[in-house]
Amino acid sequence: MSKHILPYALRVPAIEKMKGKRIVLASNSPRRKDILRTFGLAPDIVPSKFEEDLDISQFPEPHEYPVATATYKAVEVYEKLVRDDPDNAPDLVIAADTVVLTHPQPVTSDISYSMLPAVPQELLEKPSSKEDNMRMLLDLNGNVCEVVTGVTVVYPILTAPGYNIKSIDERTLVHFVDSPKHIIEAYVDSGEGIDRAGGFAIQGLGGLLIRKIEGDYNNVVGFPAASFFTLLDLLVDEDPDFLDI
């Protein structure tokens, strides 16, 4: 068994293709590492040094922003590893970027999100302070946000520039409980949300603030595993040379 494929991994074509290959996660996120391990994948960890300073206003569609960031991360790590040790080049580099966007709320339950008018979505970064965390959560309280993760994979090909790039984005709506202020204050005081986009962690104490989600739970945590493995399956089906270079 490959060191990157854990014994309990499902024996599906994408997993079989990764046996004996060098798989790299361009992130130091323990949440992404844990999600991948849940499904039997244990990649090398090589964090990207990309500054993540793209200007979201330059993107006509805000969902393109995390995809672009993930792509820069993946390419940066892939090129660095090939340059530093070409005899041990990666076969697959995985990168992801998760952002939180504000989202319009339907006036009644009879109106679906798809019917809402297009409105600018605000990017919710990591809070700069507990006061900023409190502001964010008060704005989200009783409302909805959209968690978007861009995932990019980079793998070698024989033609220039020597690698191929494939990306996806996954979107999940998160509905917040209309919590009393003392609950939000207690959560902010816990400090859990201070280093999380949007100021909350659904898998931790922040789950107390969440009423329901629409979409992939793992996406809200930080990595949409189901869509990622679907992408790998598509690459296996469409490209006979995928992971064979």
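**Exercise 1. Find the salt-bridge partner of aspartate 44 whose closest N and O atoms are 3.1 Å apart, and place both residues in the chain.**

Step 1. The partner is arginine 22, which forms a salt bridge with aspartate 44. A salt bridge here is a side-chain nitrogen of Lys or Arg within 4 Å of a carboxyl oxygen of Asp or Glu.

Step 2. Aspartate 44 sits in strand S2, while arginine 22 belongs to the loop between H1 and strand S1 (23–25), so the pair links distant parts of the chain, 22 residues apart. Helices (H or I, at least four residues) and strands (E, at least two) are DSSP runs, numbered from the N terminus.

Step 3. Both aspartate 44 and arginine 22 are buried. Buried means under 20% relative accessible area, exposed over 50%, and partly exposed in between (1.4 Å probe, protein chains only).

A word on the model: it is predicted, so local features need pLDDT of at least 70, side-chain atom pairs count only at pLDDT 80 or more, and totals for chains, interfaces and linings use all residues. Residues are numbered from 1 along each chain as its sequence is written, and side-chain values use heavy atoms, with hydrogens and water left out.

**Exercise 2. Work out which residues are linked with Asp44 in a network of salt bridges.**

Step 1. Aspartate 44 also forms a salt bridge with lysine 3, with the closest N and O atoms 3.6 Å apart.

Step 2. Lysine 3 lies in the segment before helix H1 (13–18) and aspartate 44 in strand S2 (residues 44–45), so this pair ties together parts 41 residues apart in sequence.

Step 3. Is each residue buried or exposed? Aspartate 44 is buried at 19% relative accessible area, whereas lysine 3 is exposed at 62%.

Step 4. The network therefore holds Lys3, Arg22 and Asp44. The structure has 12 salt bridges.

**Exercise 3. Describe the surroundings of valine 93.**

Step 1. Look in strand S3 (residues 92–102), where valine 93 is found.

Step 2. Valine 93 counts as buried because its relative accessibility is 0%.

Step 3. Leaving aside neighbours within four places in sequence, valine 93 is in contact (heavy atoms within 4.5 Å) with Val24, Ala26, Ala74, Val77, Tyr78, Thr152, Val153 and Val154.

**Exercise 4. Locate the salt bridge between lysine 73 and aspartate 97.**

Step 1. The closest N and O atoms of lysine 73 and aspartate 97 are 3.7 Å apart.

Step 2. Lysine 73 lies in helix H3 (residues 64–84) and aspartate 97 in strand S3, so the pair ties together parts 24 residues apart in sequence.

Step 3. Lysine 73 and aspartate 97 are both buried.
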